[in-house]
Amino acid sequence: MGEPGRDVVEELCRAGVVRGDLVGLAVAPGVGLGMATTTGKMSVARSIEDLSVVVRLVEDALRPRWVLWSNDTAATLLRAGVQIATCWDIAAVHRLLFGRWRADPALVWAQLQHLALGTIPTAAPADLFGDVGRGDGDPDDPIRPDGHLRPEWSDGGWCATPERLRRWAELAARVAVLQQARLGELGDGPRVASTARSESAAELLCVEMSVDGLPVDRAVAEGIIAGFIGRRPRTEAEAAYQRARRDAEVLRHAPPGVEVDLRSPGQVKSLLSRIGVEVPDTRAWRLRTLQEAHPLIEALLVWRKAERVATTFGYGWLDEHLGADGRLRGVWTGSDGAAGRMTASGGLHNMPAEMRGAVVAEPGHAFVRADLGQIEPRVLAAISRDNQLARATAEDDMYAPVAAQLGVDRATAKVAMLGAMYGQTTGHGLRALRRLEAAYPVAMRHLADAARSGQAGRDLRTYGGRLIILGPVNTAEVGTHEDRGAAAARGRYGRNALVQGAAAELFKTWAATVRARGTRLAARIVLCLHDELLVHVPIEHSDAVARLLDDCLQEAGHRWVPDDSVRFVADIGVFERWSDAKQEVRPNRDPDIS
DNA sequence: TGCGGCTATTG
DNA sequence: CACAATAGCCGCAG
């Protein structure tokens with residue numbers, strides 16, 4: 001009798017499992033684990049406290065592609081101290097194949113088995129007669145006689161016993177094979193399969209980022225907040241006083257005696273009217289154009305900024321999301337319900353730029369930051385297979401050749417290109433837009449086709465195979481004014497979803513490659529921001545990781561566009577704090593220039 | 001109490 | 001104010 005779990009490794013070897021093969025896995029702390037091959041040749045149940053021992057042994061010896069029902073399993077493993085290298089995330093692949101957010105086992109199974117979705121059973125509130133399973137098949141079989149998953153299993157019953165864990169792992173392995181078959185039916189086989197793998201890796205990354213957190217220096221963060229709203233209030237009364245003082249700074253510019261709640265847009269609008277400023281709304285960009293009209297307006301804009309910090313990114317935010325270990329944590333999601341970009345809660349994705357000064361590498365560490373340059377037009381060239389546009393991607397700044405081609409200046413070319421991808425129909429860029437159609441007809445037709453599908457409520461698939469659900473179209477209002485507006489909105493959505501979705505897929509392929517290759521350099525991805533990666537590394541490896549980030553981009557790009565006709569570029573640098581990666585400090589947004 | 005509207009922040 | 005997201009507060013309906 002050797003090390004516990006060694007027998008499992010031997011059994012897997014005997015079953016013919018080699019590195020990278022799918023192996024179903026189900027774990028439950030305190031219960032045990034189940035493991036199963038896709039061939040059905042081998043499955044085991046283990047009743048153990050420390051399930052991490054067995055998983056780690058198999059991981060080190062065979063490094064399988066673990067089939068998980070969702071990244072909850074990866075989170076359980078990580079909490080138990082085991083980080084797995086690769087997986088097949090059934091929920092993530094389901095979202096890719098079928099769109100929408102819901103991806104619980106019952107739905108996954110029903111869609112793969114072509115069962116009517118309306119017949120998916122829901123868990124009985126508690127069996128009235130206490131005869132669970134009578135006349136209903138074997139309660140220890142996850143599948144009911146009618147073909148559906150047993151709801152009491154999907155609702156948590158799968159982890160009741162080690163034997164159930166084994167069968168749950170067997171079913172996971174079987175589901176992965178069914179998913180692979182479905183992906184194969186989509187056409188672009190290799191690329192879609194590759195997307196499924198990188199989407200799965202992104203789920204592992206999300207779990208790791210949620211657990212690791214982003215390094216933030218609390219003292220620096222509090223200093224930045226104090227610069228906007230003052231010292232941390234000690235009491236509720238002090239907080240109220242600070243709030244009143246901020247309000248007074250604005251109201252002293254108002255006619256005497258007015259009572260206005262600055263937090264109410266309607267009341268602010270009335271206030272502006274009182275001082276002779278009529279506006280349809282009170283958004284900052286509009287007020288900024290009227291800043292000269294009255295001193296109250298500038299005071300109001302300053303107030304708005306402070307109010308944002310006070311309510312959303314202030315001391316309360318730190319208390320809620322910044323741990324004692326100096327890590328800011330939010331929940332990461334591998335793909336939103338729409339085009340498939342990653343999302344994060346806890347303000348990680350919309351932190352005001354001023355706060356980036358508090359994102360500081362830990363002692364002995366540095367950040368390697370990289371952001372993709374002009375990712376959307378480059379992706380458009382790839383997904384539309386527009387050779388002319390692809391040629392432009394050879395340049396570091398692809399808007400330069402596009403501008404030359406159109407006979408307009410760079411800024412106009414850029415606005416026109418973005419307008420084409422977002423579905424802009426108004427404004428001054430329309431002439432340039434028509435030139436764009438003439439110069440790059442393949443790409444523009446690709447966008448127009450997507451827009452037409454969207455308008456009609458027809459679903460779309462991204463370059464990597466993600467189903468973009470449109471509709472349902474409200475048939476009651478077809479032809480009405482509201483419907484034309486809604487149809488136009490769906491058109492813009494469909495047009496953009498193919499670009500944004502494909503960009504998200506390329507980004508995740510890149511991130512997954514960095515995650516895998518960076519392990520030996522102890523590099524940890526701590527932030528993903530749509531086209532930007534922030535990697536926390538031991539300082540002695542920072543240059544190597546910087547090179548790695550570009551290598552991985554080229555590798556991801558090649559896997560994505562095998563003929564290498566489209567070039568992808570990244571701006572890469574090593575920094576102690578995030579804010580040191582200057583995005584070009586410009587008075588008013590829009591960096592670009594890679 | 002829930003939800004749509006408005007606002008601000010990010011890519 | 002074109003595409004996407006998270007998040008807070010206000011005002012109103014139930």
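Okay, let's start at the DNA: 23 residues sit around strand C, and W285, G346, N350, Q424 and R492 come nearest. Bear in mind that this is a predicted model. Of the strand C atoms that come within 4 Å of the protein, 67% belong to sugar and phosphate.

Still, the bases get some attention. N350 has a side-chain N or O atom 2.6 Å from a base oxygen of DNA strand C, and R341 puts a polar side-chain atom 3.0 Å from a base nitrogen. On the backbone side, a polar side-chain atom of Q267 is 3.3 Å from a phosphate oxygen of the strand.

Which elements give two or more residues to this surface? Those are β9 (343-344), α18 (410-422) and α21 (481-518), with α21 giving the largest share, 4 residues. By character, the surface splits into 12 polar, 6 charged and 5 nonpolar residues.

Now, the aromatics. The count is 7 aromatic pairs. One of them is W69 with W168, stacked at 4.7 Å centre to centre with 25° between the planes. W69 is in the loop between β4 and α3 while W168 is in helix α7, so this pair ties together parts 99 residues apart in sequence. Both are buried: W69 has a relative accessible area of 7%, and W168 has 2%. These two also belong to an aromatic cluster with W153 and W158.

W560 and F568 pair up too, with centres 6.2 Å apart and planes at 75°, so that one is edge-to-face. W560 and F568 are both buried.

Last thing, arginines over rings. R191 lies over the face of Y463, 3.5 Å from the ring centre, and R356 does likewise over W578, at 3.9 Å.

Conventions:
Residues numbered from 1 in each chain as written. Chains lettered and ligands numbered in written order. Predicted model: local features only at pLDDT ≥ 70, side-chain atom pairs only at ≥ 80, totals over all residues. Heavy atoms only, no water. Near = heavy atom within 4 Å. Polar contact = N/O pair within 3.5 Å; in protein donor to acceptor, adjacent residues only side chain to side chain. Nonpolar A, V, L, I, M, F, W, Y, C, P; charged D, E, K, R; others polar. Phe/Tyr/Trp six-rings, centres within 6.5 Å; stacked < 30°, edge-to-face > 60°. Buried < 20%, exposed > 50% of the residue type's maximum accessible area, 1.4 Å probe, protein only. Lys NZ or Arg CZ within 6 Å of the ring centre and 35° of its normal.
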